[in-house]
Amino acid sequence: MTKTSLRNNGCLTQRRQCPCGDEQCYIRIEGDEEDNTSVEPTVPADPNLIHAAANTSEVASVDTPPYVGQSFRTDDEAQEFYTNFARRNGFAIRRERSKGNPSHPLGVYKRELVCHRAGVSLPRKTAELKRQRNKKSSRCKCEAQMIIKKNVSKGVTRWVVVHFSNVHNHELLDSDEVRHLPAYRNISSVDRERILFFAKAGFTVNLIMRALEMEKGLKPGQLTFTERDLRNFLQASKNINRENEGAELVKACKATKEKNPDFRYEFTLDMNDRLEHIAWSYPDSIRAYKVFGDVVVFDTTYHLYAYDRPFGVWFGVDNYGNTIFFGAVLLQDEKPASFAWALQSFVHLMDEKVPQTIVTDLDMGLREAMINVLPNTKQAFSTWHIMSKLPSWFSTLLGSRYERFVSEFHRVYALESENDFVHQWGQMINEFGLGSDRHVAILSYHREYWALPFLRGWFFGGLLTTGFALSIKAFFKGFLISQTRLKDFVEQVMVAIDLQNQAGEEATMRQNYQNVQIKTCMPIEEHASSVLTPYAFEVFQKELVSSTQFAVYETQGDTYLVRHHLKTDGGHLVSCIPTNEEIHCSCKEFDFSGIMCRHSLRVLSLKNCFMLPDKYLLIRWRRESSLFPKSSGYKYRSQALRSLASIIIQESSLTKDRFDYVQWHMSKLLTHVRDMPTVDEGASDLEPVSSLDATVDVTPVRSRGRPKKLRAAIDIPKEMQALQEPQALPEMQVLSETRDLSETQALSETQALS
């Protein structure tokens, strides 16, 4: 049975209990209702099964059909648009064919999305006929379809509709009928938790259906699933043996430890010798933590509803801006003692190295554990988690004023002065009449944990941004697939980390191949570009360019007032002592991000400083601190050449002159390479091809579906495959006007041959 699944968060759901402590107060996480599981009515569903049905996006909100030439940022966005169009018009869609693979320079570059009734019925095996109903196939060779292709222009990747047909050879369904199609029948993660809650309370299936309809304000029969789907879900839930699953997870960790002695894990058992808590980490993660463990995100907002356990993950960011995995923990509950055990175990797994800062959710139990276990580590409540709670807390209360409140909240949150924040926060609360609200009281009391004015003196390395939160979600939905059980967690996470590392290695190489453009021609900019990674240099360059708009006023001694040239008051104080190479700014941006601020750079320019002092080029942002490449073996060489080939294709196909130039030189290069020895004299650096590499078919796929030799191999989640696809780069100037003499001569020879 075909499912149109765009998202897959596996067996996880985000915790919704409000930190205010009121059991009746729940947080509605954005996207919960859309985080659904497609249901097969004839087969009992796995209790962990979640196949997300199409959710509505900004693109899909337009009630118009697709058209040739329409473009989307991603293939998922295109499928989402077509899915919403199909649902509104009485049919469903599925992916039929795709061209390209991870080894292709462009990755997957073509997809065919067809009507659910396209094609002919597929033959079934005898064993399947015996256990399934002998029902007629719905396929009738319908030719309605949408074909999209990847288009890379000037470094920007778009998916463009190259063919669209909305001609069906069958009747379309009305709105009441279309919701019964398997693609649109689903049980959301929110409904699953409520179902399990009602079932534990002794509700019958019929009562559960009625209760859910009343909670949602729906008429009978308007839920996205039937009583039979509900019975299948409850039956599958009863098949989980939580005691055995915990024991199997410990066995899996022991087996992994035997294969790889550098793998680390810790666990505790309760009084009945059942698994209580378990934490683990991998060799690559431990090595990465030694370099980039100064700031850590500890995300404990996810819950394994099938096992009734909280699940936490430690993440960080490397010098190229890539998300890196540090460790995972499975706890028995969310009590302060459990969080304390998790923190202690993590520090022990990481050779007792304590992070400078930890970003967490707004959780009182975790806050208590942090104070007791890591009193010298700065804890901050993540911005994205606080913002996600605002709709549940204030949207109904404020009504039409809510949007203005959010805008004002963002403004006050980003103020620079602590005094200004306290004053304007109070004004905002009074203006909206929220002085007695318990949620406002929580935010006010804990403002030092989340408001930027109180956090600027601590290093966070960009981990307070929403973009990093999205990358964590992508990692979750990648490795926890629909059939994941506890005993498979260690292996599944290890597969995800391997794929994530491959994606990070490719992103690192692609950044290094970029042609860094100097914008100011200042020696200090050229110096920074040679030391910092492209990711960090881009941030530095923005500060340097902005510094040219500031005026400097000498106040007293070595202190300067730096103010924007259009302002007549305010500004920042910068103290600069050239003899000691010391410079400090009142904005505390360097302490916060590790990148020199625009105010300090303006003063350095005034002082005729042509190179940044080493202490202001943090080791964690330098090229020399890179995690990749790990070796010079076959795997690295193959990945490096793929990245380079992808960039060459993008850049050389822009004009005929570029194409002719590259084609001539690559032909000569290929001839030269073929004449070289095929055996590496330094063969000791060759790496064995991993099991993941063995599953990659480097030839284009021309048959329907996945090649046979891949079907027996490990299934890699689509989201993680997407991480391996080459990403679009900004346009790079390959042929510069200052081309050297030899290059000019080579170009002349090429034109002569043409």
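This is a walk through a predicted model, stop by stop, with something to select at each one.

**Stop 1: the five-stranded sheet**

Start by colouring strands E2 to E6. They form an open sheet with antiparallel pairing, and the order across it is E2-E6-E5-E4-E3. Go to the edges next: E2 (71-72) and E3 (93-100) each have a single partner strand, so one side of each is left without a neighbour in the sheet. Now bring up helix H1, residues 75-88, which packs on this sheet. H1 touches E2, E3, E4 (108-115), E5 and E6, and its direction makes about 155° with that of E3.

Stay with the sheet and pick out E5 (residues 145-153) and E6 (residues 156-165). How many bridges join E5 to E6? There are nine, with the two strands running antiparallel. For a single pair to look at, select Lys-149: Val-160 in E6 stands opposite.

**Stop 2: the cysteines**

Don't go hunting for disulfides here, as the structure holds zero. Select Cys-115 anyway: the nearest cysteine sulfur belongs to Cys-142 and is 3.9 Å away, but Cys-115 is in no disulfide. With 0% relative accessibility, Cys-115 counts as buried.

Then add Cys-140. Its closest cysteine sulfur is again in Cys-142, and at 5.7 Å the two sulfurs are too far apart for a bond. Is Cys-140 buried or partly exposed? It counts as partly exposed, at 23% relative accessibility.

**Stop 3: aspartates with positive phi**

Jump to Asp-273, in the loop between strands E7 (264-269) and E8 (275-281). Check the backbone: phi is positive, about 60°, although Asp-273 is not a glycine. Asp-273 counts as exposed, with 61% relative accessibility.

Next, go to Asp-351, in the loop between helix H9 (336-349) and strand E12 (357-360). Asp-351 also has a positive phi of about 60° without being a glycine. Turn on the surface and you'll find Asp-351 partly exposed, with a relative accessible area of 43%.

**Stop 4: a helix pair**

Show H11 (residues 383-398) together with H14 (residues 438-445). Their axes come within 10 Å and cross at roughly 155°, so H11 and H14 are roughly antiparallel to each other. Which residues meet in this contact? From H11, put up Ile-386, Trp-393 and Phe-394; from H14, His-439, Val-440 and Leu-443. The residues of the H11 and H14 contact divide into five nonpolar, one polar and no charged.

**Stop 5: Val-493**

Select H16 (residues 489-512) and find Val-493 in that helix. Val-493 counts as buried, at 0% relative accessibility. Now draw a distance from the C-alpha of Val-493 to that of Gly-327: 9.7 Å separates them, although the two residues are 166 apart along the chain.

**Stop 6: helix H20 and what surrounds the buried residues**

Finish at H20 (residues 598-606), where His-599, Ser-600, Leu-601, Val-603 and Leu-604 are buried. What do the buried residues of H20 pack against? Bring up these partners:

- helices H17 (523-531) and H18 (534-547);
- strands E14 (550-556), E15 (559-564), E16 (572-577) and E17 (582-585).

Before you leave, step just past H20 to Asn-608, which takes a positive phi of about 60°.

Terms used: Residues are numbered from 1 along each chain as its sequence is written. This is a predicted model: local features need pLDDT of at least 70, side-chain atom pairs count only at pLDDT 80 or more; totals for chains, interfaces and linings use all residues. Side-chain values use heavy atoms; hydrogens and water are left out. Two strands pair if DSSP finds at least two bridges between them. Helices (H or I, at least four residues) and strands (E, at least two) are DSSP runs, numbered from the N terminus. Contact means heavy atoms within 4.5 Å. Axes are lines fitted to C-alpha atoms, for helices over the stretch in contact, and angles run from 0 to 180 degrees between N-to-C directions. A disulfide is a pair of cysteine sulfur atoms within 2.5 Å. Buried means under 20% relative accessible area, exposed over 50%, partly exposed in between (1.4 Å probe, protein chains only). Angles under 35 degrees count as roughly parallel, over 145 as roughly antiparallel, 65 to 115 as roughly perpendicular and the rest as oblique. Ala, Val, Leu, Ile, Met, Phe, Trp, Tyr, Cys and Pro count as nonpolar, Asp, Glu, Lys and Arg as charged, and the others, Gly among them, as polar.
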